[in-house]
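Dear colleague,

I am handing over a structure that may be new to you. Please look at the sequence and the model first; my findings follow below them.

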Amino acid sequence: MKSSKKPNILLILVDDLRFDEFGAGGHPYMKTPHIDRIAHEGMMFDRAFHTTPICSPNRASILTGQYASRHGIIDNVARDAASHRIPNYHLELQKLGYETAHIGKWHMGNDGKPRPGYDYWVAYDGHGRLNDPLLNEHGKYVQRKGYITDIMNTMAVDFVKKKHKKPWSLWFAHKAVHPDAEQAADGTIRMDGYRVPKRHENLYKGCVFPKKPNMQSPKEFLKHKPVWTEAVELRKTKESRAITEPLHSFTQEEIRLRAAMMASVDEGVGMLFDALEQTGQLDNTIILFMGDNGFFFGEHGIGPDRRFGYEEGIRSPLTMRYPKLLKAGAHRKQLVILQDLAPTLIELAGGKPGGHIQGRSLVPLFSGKKAAWRKSVLIEYWAENAYPWLVGMTYKAVRTDRHKYIKWVNRARNGELDELYDLEKDPFEINNLAKKPAYHATREKLHREMRRLAADALGL
């Protein structure tokens with residue numbers, strides 16, 4: 001098979017994956033040689049961020065290049081109608097002559113029916129099932145037998161191997177490492193646990209994820225984060241525990257099972273490398289690997305969760321392989337947001353990103369030459385009524401090279417519960433400096449920057 005002049009695009013998205021939850025990302029025992037190959041033969045973006053760190057809003061942000069406050073999908077409640085109308089970059093790729101495909105988890109709206117922008121479609125309702133999933137294949141529901149990651153891997157390989165008359169773009173979204181879950185129309189999720197295929201049941205048995213300084217008890221972290229006082233109490237209620245207890249929250253077993261689930265994902269990446277090499281498409285294919293939000297292993301007393309503006313929640317793994325433009329083994333330290341991917345891919349496909357896109361093309365960063373770039377990013381989250389302990393926990397935050405400021409917008413108006421961290425001195429975000437007189441000017445500067453970014457995100 002001859003390569004097209006325009007590059008193919010293979011985007012691999014893993015659900016709930018932390019920035020450090022793969023081999024090249026620094027996981028202490030997980031082995032992901034095929035995913036690591038993307039990093040070793042391409043570029044790693046060491047400071048990539050989710051600007052709304054939960055599934056539906058962030059997936060919409062990746063696809064549109066917009067902040068959630070612009071595209072309107074602000075939570076995980078059923079957004080079926082909205083997800084048919086978002087300015088998905090695949091619509092633009094189709095105009096540029098691409099064959100487009102979606103395989104895997106959609107999770108913007110609870111139904112898995114085809115969305116505009118795709119010529120090839122496989123998905124499932126809601127979160128799907130890890131075993132024996134019911135798939136929507138091109139508009140028709142089909143019952144499949146087996147482990148969902150294995151099924152999706154085979155489908156992705158089959159798509160890559162088939163003859164293509166056009167360049168193609170595949171959005172390949174895994175269910176891993178999300179546990180089985182049942183989601184109601186109001187967004188409430190009842191967890192049902194992490195599951196791995198039999199061949200991986202004992203993988204990493206006995207391995208230990210090292211304790212970090214910010215893996216604190218509620219008593220410890222509330223000293224510096226009093227805004228969490230009510231949430232900690234509400235998590236003790238029967239209603240809250242019914243949602244969270246099926247997971248092994250904060251335990252080494254939870255972390256081990258997630259690592260074991262990633263083994264199937266990595267096997268699939270190896271299969272895709274083989275398929276691309278066998279068909280002569282490898283070096284003409286842009287391969288990207290990322291997560292859709294972060295996750296807490298008990299840092300700041302939080303878990304199982306991903307929604308909050310600390311580093312474990314907002315940082316994303318992001319690697320890209322494309323030898324025509326990217327030097328093998330390169331790293332970039334600039335502040336990148338996942339909205340940057342839509343304009344990047346449109347540009348590499350030969351198009352021009354539209355004015356509605358808020359992200360910035362990463363192409364100027366590829367060469368390593370000094371380029372003007374953003375100095376701050378906005379993080380935004382809207383509290384979800386589906387989770388009783390999160391009532392009132394809406395926030396906006398700004399993250400710069402050195403500092404982070406978190407504004408809890410439904411809490412004390414005078415800002416007495418706000419948070420400020422010096423990430424250079426305190427990378428684990430333990431010491432809240434918001435009330436320190438020496439940091440008053442820094443806090444005020446960051447507050448002004450947050451207001452500027454928030455207005456820009458809304459298009460004001």
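I begin with one residue, N153, which lies in helix 6. Please bear in mind throughout that the model is a predicted one.

N153 is buried, its relative accessible area being 2%. The side chain of N153 reaches the backbone oxygen of S264 at a distance of 3.0 Å. Residues up to four places away in sequence aside, N153 touches F172, H174, S264, G268 and M271.

**The sheet**

How are the strands arranged in the open sheet? Ten strands make it up, in the order 7-6-5-4-8-1-11-13-2-14, with mixed pairing. Strand 7 (140-143) and strand 14 (330-332) stand at the edges; each has a single partner strand, so one side of each is left without a neighbour in the sheet. From one strand to the next, the twist averages 15 degrees.

Several of the pairings may be followed in turn. Strand 1 (residues 8-14) pairs with strand 8 (residues 168-173) in the parallel sense, over five bridges; here the bridge partner of L11 is W171 in strand 8. Strand 1 also pairs with strand 11 in the parallel sense, over seven bridges, and L13 has M290 of strand 11 as its bridge partner. Strand 11 and strand 13, by contrast, pair in the antiparallel sense over four bridges, with R321 in strand 13 as the bridge partner of I287.

Is strand 11 mostly covered or left open? It is mostly covered, as seven of its seven residues are buried. T285, I287, F289 and G291 point one way from strand 11, while I286, L288 and M290 point the other way.

**Helices on the sheet**

Helix 6 (residues 148-161) packs on the sheet, where it touches strand 4 (99-104), strand 5 (120-123), strand 6 (134-137) and strand 8. The direction of helix 6 makes about 175 degrees with that of strand 8. Helix 10 (residues 252-278) lies across strand 1, strand 8, strand 11 (285-291) and strand 13 (318-321), and runs at about 175 degrees to strand 1.

**The nonpolar cores**

In soluble globular proteins, nonpolar side chains tend to be buried together. The largest nonpolar core in this model has 54 residues. Those with the most contacts inside this core are L10, I103, M152, L170, F172, M262 and F289. Which elements each supply at least two residues of this core? They are strand 1, helix 1 (33-40), strand 4, strand 5, helix 6, strand 8, helix 10 and strand 11. Helix 10 provides the largest share, twelve residues.

L170 shows how these elements meet. Leaving aside its neighbours within four places in sequence, L170 is in contact with I9, L10, L11, A101, H102, I103, A156, F159 and V160. Apart from the largest core lies another, of 43 residues, which includes L63, I286, L288 and L326.

**Salt bridges**

How many salt bridges does the structure hold? There are 34.

One of them joins K333 and D46, whose closest N and O atoms are 3.1 Å apart. K333 lies in the loop between strand 14 and strand 15 (336-337), and D46 in the loop between strand 2 (43-45) and strand 3 (48-49), so the pair ties together parts that are 287 residues apart in sequence. K333 counts as exposed, at 52% relative accessibility, whereas D46 is buried, with a relative accessible area of 15%.

K404 takes part in two of the salt bridges I wish to mention. With E311, the side chains meet at 2.6 Å, N to O. K404 lies in strand 18 (residues 403-408) and E311 in helix 11 (residues 311-314), so this pair ties together parts that are 93 residues apart in sequence. K404 is buried, with a relative accessible area of 1%, and E311 counts as buried at 6% relative accessibility.

K404 also forms a salt bridge with E429, the closest N and O atoms being 2.6 Å apart. Because E429 lies in the loop between strand 19 (419-422) and helix 14 (440-458) and K404 in strand 18, this pair ties together parts that are 25 residues apart in sequence. Both K404 and E429 are buried.

Finally, R37, E41, E277, D283 and R321 are joined into one network by salt bridges that share partners.

Yours faithfully,
A colleague

Definitions and conventions
Residues are numbered from 1 along each chain as its sequence is written. This is a predicted model: local features need pLDDT of at least 70, side-chain atom pairs count only at pLDDT 80 or more; totals for chains, interfaces and linings use all residues. Side-chain values use heavy atoms; hydrogens and water are left out. Two strands pair if DSSP finds at least two bridges between them. Axes are lines fitted to C-alpha atoms, for helices over the stretch in contact, and angles run from 0 to 180 degrees between N-to-C directions. Contact means heavy atoms within 4.5 Å. Buried means under 20% relative accessible area, exposed over 50%, partly exposed in between (1.4 Å probe, protein chains only). A polar contact is a pair of N or O atoms within 3.5 Å; within protein, one must be able to donate a hydrogen and the other to accept it, and residues adjacent in sequence count only if both atoms are side-chain atoms. A nonpolar core is a set of buried Ala, Val, Leu, Ile, Met, Phe, Trp, Tyr and Cys residues joined through side-chain atoms within 4.5 Å. A salt bridge is a side-chain nitrogen of Lys or Arg within 4 Å of a carboxyl oxygen of Asp or Glu.
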